[in-house]
Amino acid sequence: NELPDIAKDVKNSLHQEQKSMEAAKEELQRIKKNLDKEHDFIKHVSAQSLNDIVNFDVRGTSMAIKRSTLRIFKGSQLDRQFDDATWPNQNTNVTSVKQWSYEQVVDWVKHQSEIPDEVVGLFEENKVTGLELLAFGREDLEKLGISRPGTLALVIKAIKGLQMKSKNNSIFIDHDPYCFGKLLDQLRLKVMLEEEYEPLSLSDIKEGKKDMFAKTVDYYFPAEQSELILKKPVVVTNKGCATPFGSGSATFSFGDPAKTGALGVINVSGRPSIPRRCVRVGSRLRYY
């Protein structure tokens with residue numbers, strides 16, 4: 001009588017063990033699936049991080065900054081220029097040239113004004129692709145059929161220019177490097193300091209660059225937006241004083257009004273005197 005019971009117990013044990021193994025297998029599959037998702041997410045974030053780096057050529061000076069930092073002030077020109085809708089059109093890199101068909105290479109050669117027309121036919125005849133074009137050297141061009149030294153030099157120059165442009169993928173900025181770099185520094189400070197961030201005063205800008213910096217700020221942050229980067233100045237003229245401290249009559253006094261950097265005091269009716277540093281800009285005096 002005990003044998004059937006033992007067989008039944010063994011069968012139940014095996015059944016339970018099988019169920020446990022199936023559950024463990026399902027758990028392993030679930031873990032693997034989650035790991036695969038995490039791996040894909042990390043790859044996606046890594047790719048986005050690489051694409052999020054923007055390279056600038058500021059009149060010959062290289063600068064780099066995260067795209068998210070450029071967009072820290074919503075509604076600014078930089079925010080609009082580098083938003084998700086327009087950025088993909090600007091973010092062309094070396095892979096785009098590598099993927100050129102021979103027709104695209106021929107079209108590129110045609111648009112190089114310094115390269116003679118007879119060279120176009122050689123590239124078309126040999127069906128040179130973008131990947132091959134970037135790898136071309138003098139010997140390769142000679143084998144292609146370009147023998148004249150002057151023509152070789154011009155073609156090599158054009159290819160090197162394409163190689164550099166593809167490698168750097170920089171956006172050209174026609175502003176003073178000091179001024180544009182200072183502006184980028186402010187964007188980085190806003191990211192780091194958040195609510196504790198403060199705009200620059202014009203007195204923070206080195207001599208000879210003040211007007212140029214103000215124009216750069218106005219270009220990227222027009223009108224009232226400029227105060228995100230540069231504090232609104234107090235403009236002092238011979239007729240009186242316009243202040244950002246509120247309404248009321250104002251007078252000013254200082255030791256030497258003609259001296260750049262002189263310490264002055266602005267007196268606004270109903271408010272305490274506020275010492276400010278004087279900076280001469282053209283025919284006006286500005287206090288900060």
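**Exercise 1.** Leaving aside its neighbours within four places in sequence, which residues is Asp 176 in contact with? Work out where Asp 176 sits and whether it is buried or exposed.

*Solution.* Keep in mind that this is a predicted model.
- Start with location: Asp 176 lies in the loop that runs between β3 (171-173) and α11 (177-193).
- Next, accessibility: its value is 10%. Buried means under 20%, so Asp 176 counts as buried.
- Now list the partners beyond the local stretch: Val 58, Arg 59, Lys 209 and Met 212.
- Finally, look at Lys 209: its side chain makes a polar contact with the side chain of Asp 176, at 2.8 Å.

**Exercise 2.** Find the buried residues of helix α12 (residues 210-220), and say why they fall on the same side.

*Solution.*
- Pick out the buried ones: Lys 210, Phe 213, Ala 214, Thr 216, Val 217 and Tyr 220.
- Check their directions: these residues cover an arc of only 160° around the axis, so they sit on the same side of α12.
- The spacing rule helps here: an α-helix has 3.6 residues a turn, so residues three or four places apart point the same way.

**Exercise 3.** Which residues form a nonpolar patch on the surface with Ile 31?

*Solution.*
- The patch is made by Leu 28, Ile 31 and Leu 35, and together they offer about 290 Å² of accessible area.
- Place Ile 31: it belongs to helix α1 (residues 2-51).
- Ile 31 has 37% relative accessibility, so it counts as partly exposed.
- For the wider setting, the accessible surface of the protein is about 18700 Å², with 52% belonging to carbon and sulfur atoms.

Definitions and conventions. Residues numbered from 1 in each chain as written. Predicted model: local features only at pLDDT ≥ 70, side-chain atom pairs only at ≥ 80, totals over all residues. Heavy atoms only, no water. Buried < 20%, exposed > 50% of the residue type's maximum accessible area, 1.4 Å probe, protein only. Helix = DSSP H or I, 4+ residues; strand = E, 2+ residues; numbered from the N terminus. Arc of directions from axis to C-beta. Patch = residues over 30% accessible without salt bridge, like charges linked within 9 Å, V, L, I, M, F, W, Y side chains within 5 Å. Areas by Shrake-Rupley, 256 points an atom, 1.4 Å probe, with all protein chains shown as cover. Salt bridge = Lys/Arg side-chain N within 4 Å of Asp/Glu carboxyl O. Polar contact = N/O pair within 3.5 Å; in protein donor to acceptor, adjacent residues only side chain to side chain. Contact = heavy atoms within 4.5 Å.
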